[in-house]
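Visitor: Before we look at the model, I would like to ask how its labels are justified. Could you take me through them one by one?

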Amino acid sequence: DDGDVKKPGEAWPLWKLILMALPQLGVQVLWCFLGPSSAPYMLHLGMGPSLSTLNNVAGPITGFFTGPLVGATSDELTSRLWC
């Protein structure tokens, strides 16, 4: 009995994909609350307006490039240790 082992080329059910994406929802909710309040806080600490705004967009821009790079690297991973 293979149980819950996924065969190559087999599509995952929607509930498994949702379950895998659920932790990211918590991260997004956190950023919804932290994002708007971080710029005034950084201004209070003495950071300039342009630098505090740049700090807010640095995370999404970095994630835009990092996500696909990590995904492509993991797709090419052939180590038995991680498979």
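Visitor: What makes L51, L54, V57, I61, F64, F65 and L69 a nonpolar surface patch?

Guide: In this predicted model, these seven names, L51, L54, V57, I61, F64, F65 and L69, make a nonpolar surface patch of about 730 Å². Patch members must have over 30% relative accessible area, and nonpolar side chains are joined within 5 Å, so L51, L54, V57, I61, F64, F65 and L69 count together as one patch. F65, one of them, is found in helix α2, which covers residues 49–75.

Visitor: Which residues line the largest pocket, and which elements give two or more of them?

Guide: The lining is made by Q24, V27, Q28, W31, N56, G59 and P60, around a volume of about 180 Å³. The elements that give two or more residues to this lining are α1 (14–44) and α2, and α1 gives the most, with four residues.

Visitor: Why is the lining of the largest pocket described as having no charged residues?

Guide: Only Asp, Glu, Lys and Arg count as charged, and Q24, V27, Q28, W31, N56, G59 and P60 include none of these, so the lining is classed as three nonpolar and four polar residues, with G59 among the polar ones because Gly is counted there.

Visitor: How much of the protein counts as buried?

Guide: Buried means under 20% relative accessible area, and 6% of the 83 residues count as buried. The protein, which has two helices and zero strands, exposes about 7,400 Å², of which carbon and sulfur atoms supply 71%.

Conventions: Residues numbered from 1 in each chain as written. Predicted model: local features only at pLDDT ≥ 70, side-chain atom pairs only at ≥ 80, totals over all residues. Heavy atoms only, no water. Patch = residues over 30% accessible without salt bridge, like charges linked within 9 Å, V, L, I, M, F, W, Y side chains within 5 Å. Areas by Shrake-Rupley, 256 points an atom, 1.4 Å probe, with all protein chains shown as cover. Salt bridge = Lys/Arg side-chain N within 4 Å of Asp/Glu carboxyl O. 1 Å grid on protein atoms, 1.4 Å probe; cavity = no way out; pocket = protein on both sides within 12 Å on 5 of 7 lines; lining within 4 Å. Points joined across faces, edges and corners; volume = space filled by probe spheres on them. Buried < 20%, exposed > 50% of the residue type's maximum accessible area, 1.4 Å probe, protein only.
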